[in-house]
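Trainee: I have a model open in front of me and would like to learn how to read it. Could you walk me through it?

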Amino acid sequence: MTKSYELLDSGDLSKLEIVGGYKLLRSSPTSAYGKETPGIWNDLHAQYIKNDSGSGHWNFQKKVPESFTIEFSNLTFKIKLTPFGHIGLFPEQVTNWDRIREIGKKKQGLEVLNLFAYSGGSTLACLDAGMSVCHVDASKGMVDWARENAKLSGLDSKPVRWIVDDVMKFIRREIKRGKKYQGLILDPPSFGRGSKGEVWKIEENLSELMDALMELSDSKPEFVILSCHSQGFSPLTLERILSSRIKTKGTYQTSELFIPEKSGKKYPAGFCTFFSK
């Protein structure tokens, strides 16, 4: 199937989605409100059940392929129902992908560093916009997934480096090499581990990371996309993290990320600040 993505409804700590024609129910800690259209929450293909350890399992009520592809935002994504409840697509980032494409219309050939890059949606948008990308993620499986998405989208011949490494270790090496980037993209997790078990905590490590990124861009990047899903980092906090470090004039667009629902409501999906010259 190559049908796209649609968020049908959310509420009661869950969200109901159609992904490639399959009706999926996933847990959602941000939707602590009532369902908008409760009558449609049935006839599922699969439901994700989360356990206390942070992992979980899928309860299949109808047959769903191990993986399939969908078309979304003029790109092709491989979808897979993972044990952590992720599917390989983050639709809330589509606004940022559109921003990347707009920058690409004005400035070609920018070198972009995409950190915590996961399945590569932002990497694909940059390649589609005529930029070169260094895609970094600590998980080899996720980097392989992103490479597959690039191939599916016809972008695998574009200039991209696929890096499996701890983000901070890689950045320190890039600084020593004198490497420079004009675009910076990062969606750091609240907690994570590097390729060799290095611990990442956003409260303790984000400031150090941002200082290092300013070295890689001489504190004058063409654009920065900083998003996260940690409740302690509001849109205003993210904007101040950038504005206190960037030493060039530009505009800041600060907002909540969201996914539009079929009802017209907005599903809350994180926070973002976008800087551009």
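Mentor: Happy to; we will go from domains to sheets and then to a pocket. One thing to keep in mind is that this is a predicted model.

Trainee: Which domains is the chain divided into?

Mentor: There are two entries to note: domain 1 covers 5–80, and domain 2 covers 91–276. Taken over C-alpha atoms, their centres are separated by 25 Å. The two also touch, with 22 residues of domain 1 in contact with 22 residues of domain 2.

Trainee: Let's turn to sheets. How do strands of a sheet pair?

Mentor: The general idea is that they pair through backbone hydrogen bonds, and the sense may be parallel or antiparallel. Here, one open sheet has 5 strands in the order β1-β2-β3-β4-β5, with mixed pairing. At its edges lie β1 (5–11) and β5 (56–60), each of which pairs on one side only. From one strand to the next, the twist averages 20 degrees.

Trainee: In what sense do β3 and β4 run, and how many bridges join them?

Mentor: Strand β3 (residues 22–27) and strand β4 (residues 46–50) run parallel, joined by 2 bridges. To find the register, look at Leu24, which stands opposite Ala46 in β4, and at Leu25, which stands opposite Gln47 in that strand.

Trainee: And in what sense do β4 and β5 pair?

Mentor: That pairing is antiparallel and extends over 5 bridges. Ala46 is a handy marker here as well, since Phe60 is its bridge partner in β5. Now follow the hairpin: 5 residues lie between β4 and β5, and Gly54 takes a positive phi near 95 degrees.

Trainee: While we are on strands, where do the side chains of a regular strand go?

Mentor: In general, they alternate between the two faces of the sheet. With that in mind, try another sheet.

Trainee: What is the strand order in the open sheet of 7 strands?

Mentor: The order is β10-β9-β8-β11-β14-β16-β15, and the pairing is mixed. The edge strands are β10 (160–164) and β15, each pairing on one side only. Twist in this sheet averages 15 degrees between one strand and the next. For a parallel pair, take β8 (residues 111–115) and β9 (residues 132–137), which are joined by 5 bridges. Within that pair, Asn114 has His135 as its bridge partner in β9.

Trainee: Which strands does helix α5 touch?

Mentor: Helix α5 (residues 202–217) packs on the sheet against β8, β11 (183–186) and β14 (223–228), and its direction makes about 165 degrees with that of β11. Helix α6 (residues 235–243) also packs on the sheet, touching β14, β15 and β16 (266–276); here the angle with the direction of β16 is about 15 degrees.

Trainee: Last topic, pockets. How much space lies in the second largest pocket?

Mentor: About 200 Å³. It has 16 lining residues, and the closest to its centre are Pro91, Val94, Phe258, Ile259 and Pro260. The elements giving two or more residues to the lining are β1, α1 (94–106) and β15 (251–260). Of these, β15 gives the most, with 6 residues.

Trainee: What classes of residue make up the lining of the second largest pocket?

Mentor: The lining has 9 nonpolar, 3 polar and 4 charged residues.

Trainee: And where does the second largest pocket lie relative to domain 1 and domain 2?

Mentor: Domain 1 and domain 2 both give residues to the lining, so the pocket lies between them.

Note on methods. Residues numbered from 1 in each chain as written. Predicted model: local features only at pLDDT ≥ 70, side-chain atom pairs only at ≥ 80, totals over all residues. Heavy atoms only, no water. Pairing = 2+ DSSP bridges. Helix = DSSP H or I, 4+ residues; strand = E, 2+ residues; numbered from the N terminus. Axes fitted to C-alpha atoms, helices over the stretch in contact; angles between N-to-C directions. 1 Å grid on protein atoms, 1.4 Å probe; cavity = no way out; pocket = protein on both sides within 12 Å on 5 of 7 lines; lining within 4 Å. Points joined across faces, edges and corners; volume = space filled by probe spheres on them. Nonpolar A, V, L, I, M, F, W, Y, C, P; charged D, E, K, R; others polar. Domains from an automatic or database assignment. Contact = heavy atoms within 4.5 Å.
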